[in-house]
Amino acid sequence: MWSVSAVVRASLSLSFLPRRLLARTAWLCLAGSLAGHAWALPSYTEVRADFRPSETWILSREGEPLQRLRTDSAARRGNWTPLADISPALRMALVLSEDQRFYAHSGVDWAAVTAAAWGNLWNSRTRGASTITMQLAGLLDEDWRQSGSGRSVTQKLGQAVAAQRLERSWRKDQILEAYLNLVPFRGEIVGIDALSRSLFGKAPHGLDMQEAAIAAALVRAPNASAQRVAQRACGVWGDMLQAQSFASRPRQKNSQNPSPDQGEHPVETVRCEVLEWQVSQILQQRRWPASEGEAPHFARQWLQRVPDSRKAAAVRTSLRADVQRVALQSLKQHLLELSGRNVEDGAVVVLDNASGEVLAWVGSSGSLSQAQEVDGVLARRQPGSTLKPFLYAQAIAEKRLTAASLIEDSAAQIRTANGLYIPQNYDRSFKGWVSARTALGASLNVPAVRTLVMVTPDAFFEQLQALGLRLPESGGYYGYSLALGSSEVTLLDLTNAYRALANQGLYTPVAWGSAARPAALRAVDAGAAFVVGDMLADRNARAMTFGLDSVLATRFWTAVKTGTSKDMRDNWVVGWSARYTVGVWVGNASGASMHSVSGASGAAPVWAEVMGHLHARQPSRPPQPPVGVAQQAVRYGADPVTGVPPESARQEWFLPGTAQAEFQMGGAGSQVAAGAGRILQPVDGSVLALDPDIPPSRQRVQLRARAGEARETAQWRWRVAGETVPANRRALGQGAQAQWFPWPGRHRIELVAADGRVLDSVQIEVRGAGVR
C-alpha cells in the first residue's frame with residue numbers, strides 16, 4: 001500500500017489535468033490509504049469519557065464541594081459542557097464564522113476543498129477549506145493537526161477522510177459539542193467552559209451575542225492582538241445581527257416582497273471602535289483563579305499524598321464541611337478581634353482520634369494574611385509548653401514522678417557545656433513547692449526543666465521521635481531548653497502526637513485516602529498517657545495560671561494544653577476529647593512577635609469554639625483507666641516556712657507500684673535552733689546570669705528563708721551588700737520571702753533579725769550587662 005506522502009506526490013505530478021478533476025483524483029487516491037487511519041478515530045462516548053478538566057474539585061466526605069484546584073499546568077480546561085448548556089448565540093457565531101454549511105455537508109465542503117487543493121499546488125499554505133468536522137478530526141488525532149507552518153495537503157486530505165468518518169458515526173450536535181469543548185482559544189485556554197469563566201467570568205450558557213462574537217473570533221486567531229480580534233469579532237457580530245434580522249422577517253404567502261406595513265427589520269449598527277476597547281479589557285484580565293474555595297492547603301496535600309485523585313475531576317476526602325467552615329470562620333473572626341496586637345496568621349487542624357483522618361485543615365487566615373500561600377499546618381514553629389505533657393508522661397512511665405509528686409518551682413541554675421541555664425516561668429515569678437499535676441496544669445517552666453534533668457534530653461528526644469515529632473537536631477543540641485519547646489515542629493505532627501495520648505499512648509500516622517493503615521505503635525505507656533490526660537483535664541490544676549473559669553474549661557470532658565514560644569512569636573493550644581483532637585496555632589508567618597497575646601487570649605478561643613461545635617450534639621466522657629491504674633487519697637506535709645501544706649489533700653491516680661499516701665517538701669535540711677533563721681534560696685555560691693531577652697524590670701530572684709520554733713519571721717529584713725550596688729537598692733524587703741532585682745557583680749545577701757543580728761548570709765555572683 002502506498003504511503004500518504006507518496007500518494008500526494010503522485011497526485012501532484014498530474015498537474016496537467018483540469019483543476020476539479022485533479023482534486024477529485026487526489027481525493028480518490030488518498031481515500032484508500034487514509035481510510036484505515038481514520039477508522040481508528042474514537043467515538044463520541046470515548047472522547048467524552050477521556051476528557052479531563054485541568055482543575056480538580058475537592059469534596060467533603062459528604063460530597064459537598066470545598067475547593068477547586070488546578071492540577072494540569074499544560075492547559076486550562078473546565079468541565080465538559082453539553083451543547084444544551086452552551087449559549088445559542090455562541091453556536092450561531094461559531095457556525096457563521098467557521099463553517100456556514102455545517103448542517104448541510106457530510107464532513108467535507110467540496111467547493112472549499114477543491115479551491116484549497118489547487119491553491120496548494122502553488123502556495124505553501126492551505127487556506128479556507130477546513131470544516132468544523134475536519135477541525136475536530138485534527139483535535140482528536142495529532143496527525144491531522146496544524147503545525148507552525150500551517151496544514152499540508154496531506155493533512156488537509158487526511159482530515160477530510162477522518163471528517164467523513166466522523167459524520168457517519170457521530171451526530172451533528174455531538175460534533176459541535178465536542179468541538180466547542182476541545183478547541184483551543186487563547187493562550188493555555190482550551191474549551192468553551194474555560195474561556196467563558198476565564199475571560200467573561202460566567203458559565204457558557206450566559207454568553208451574549210457580543211461575547212459570542214469575541215469567542216468565535218478567538219477560534220480563528222487565538223493569540224492575535226486585541227485590535228485584530230476586535231476587527232474579526234466585529235465582522236462576526238455583524239453577520240449574527242444580519243442572520244437574526246433575516247430569520248425574524250415575516251413570511252408572505254402570496255408575494256416575494258414584504259408588505260409595506262411589514263418592513264424589514266433594520267440591522268443594528270456595529271460600533272467596532274467600542275468593541276475594540278472592550279476586547280482589550282477582556283484579554284487583559286483573568287476572572288477565573290487557579291484555585292478557589294475553603295480548603296486550598298488541604299487540597300494540595302490531598303492531591304499530593306493520594307496520587308490517584310489527580311486523575312479525577314472530583315474526589316471525596318476526609319474533611320467534614322461543617323467543621324472546616326467553623327474552623328475557618330472562627331480563626332478569621334478571632335484574628336479580627338486581635339487586630340492591633342500585631343497578629344495576622346493562624347492555622348487549625350482537627351483529627352479523628354480513632355481513624356486518624358483529617359476532619360478540618362485551615363492553613364491560613366486567607367485575606368487577613370500577607371502570606372496566604374504559607375501553610376501554617378505544615379510550617380515548623382517552636383511549640384513552647386505544648387511538649388510538657390510528653391515529658392511528664394515519660395517521667396511518670398519511668399516512675400521518676402507521680403502526679404502527686406512535689407517539685408520545687410524556684411530559681412534554678414543548671415550547669416551545661418555552654419554555661420549556666422536559668423529557666424524562667426512565663427510570669428517571671430516562682431510558686432515554691434507544687435505537685436506535678438499543678439506544674440503541668442499551670443504550665444510552670446522551672447518544674448518542667450527539673451523533670452527533664454531526671455529524664456535527660458537525649459531520652460526525651462527519643463520519646464518525641466516515637467510520637468512522630470521529627471526534630472531536626474539531636475537532644476544534646478537542644479539541651480534542657482527542650483522541656484520548654486525550643487525545637488521546631490509542625491502543627492499537624494504536634495496534634496497527631498496529642499492524638500496518641502488520646503489513644504492511651506498508641507501512635508499511628510495521619511490517615512490519607514484509602515491506603516492501608518499501619519499497625520499502631522506503643523509510643524507512651526498507657527497508664528502514663530491516662531494520668532497525663534487526667535492532669536490536663538483538671539481545671540483546678542490550671543487555676544493558678546488560667547483561673548477556674550477560663551476559655552479552656554469546656555462543658556464536656558477535654559484535656560488541653562497551651563504553649564507560647566519565645567518573644568511571643570507563636571501561640572498554641574492543642575487538646576482532645578473522647579473522639580477528636582484539635583490543634584490551633586496563632587502568630588505571624590513572618591516570625592514577628594505578637595503584642596500581649598497569651599495562651600488564653602490567642603489560640604484558646606478558636607480551639608474552644610471548634611471543640612464546642614464538634615460536641616454540640618455529642619457527649620464527651622472521661623476515659624476509663626487502664627488495668628492497674630488506681631486512685632488513692634494523698635495529703636501533703638506543712639511548709640516549714642509558712643506552716644501551710646503546699647496543696648490540699650485529694651484523690652490522685654497512680655501507676656502500679658507508685659502509690660503514696662503522704663508527700664513532704666524536700667530539701668528541708670536539719671533543725672534550726674529556736675529563734676534562728678536559715679536562708680534557703682539562693683544557695684551559697686550561686687552564679688546567676690541575666691537573660692538579655694527578658695526585660696530587666698521583669699527579672700527577679702526569689703529570696704526564701706525558714707525559721708526555728710519562735711517563727712519571728714515578720715520582723716526579719718533582707719539586705720544585700722556589694723561594691724556595685726547603689727545605696728537605694730540595698731534594702732530588699734521583710735519577712736521569710738522577698739524578691740530581689742539582680743545587679744551585676746559579687747554580692748552578699750544577708751538575713752537580719754529585728755535586733756540587727758545577721759541570722760544567715762550567702763555569697764552569690766550575678767553576670768550580665770549592666771542595667772539602668
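**Figure 1. The start of the chain in this predicted model.** Over residues 1–17, pLDDT stays under 50, and the model, which is predicted, has 22 contacts beyond four places in sequence for this stretch. Please look at this view with some care: where pLDDT is low, the predicted coordinates should not be read in detail.

**Figure 2. A second stretch with pLDDT under 50, residues 253–270.** Here the model has 17 contacts beyond four places in sequence. For the chain as a whole, the mean pLDDT is 82, and 80% of the residues reach 70 or more.

**Figure 3. A salt bridge within helix 9, between R197 and D193.** The two side chains meet with an N to O distance of 2.9 Å. Helix 9 covers residues 192–200, and because R197 and D193 are four residues apart in this helix, about one helical turn separates them. How exposed or buried is each partner? R197 has a relative accessible area of 30% and is partly exposed, whereas D193, at 4%, is buried.

**Figure 4. The pairing of D322 with R320.** In this salt bridge the closest N and O atoms are 2.9 Å apart. D322 counts as partly exposed, at 30% relative accessibility. R320 has a relative accessible area of 19%; the cut-off for buried is under 20%, so R320 is buried.

**Figure 5. A salt bridge between D352 and R579.** The closest N and O atoms of D352 and R579 are 3.6 Å apart. Where do the two residues lie? D352 belongs to strand 7 (residues 345–352), while R579 sits in the loop between strand 16 (570–576) and strand 17 (580–587). The pair therefore ties together parts that are 227 residues apart in sequence. D352 counts as buried, with 10% relative accessibility, and R579 as partly exposed, with 38%.

**Figure 6. A network of salt bridges.** Which residues are linked here? The members are R437, D534, D538, E647, R650 and E652. As a reminder for this view, side chains of opposite charge can pair when their charged atoms come close. To set the close-ups in context, the count for the model comes to 32 salt bridges, including the R197 to D193 pair of Figure 3, the D322 to R320 pair of Figure 4 and the D352 to R579 pair of Figure 5.

Note on methods. Residues numbered from 1 in each chain as written. Heavy atoms only, no water. pLDDT = per-residue confidence, 0-100. Contact = heavy atoms within 4.5 Å. Buried < 20%, exposed > 50% of the residue type's maximum accessible area, 1.4 Å probe, protein only.
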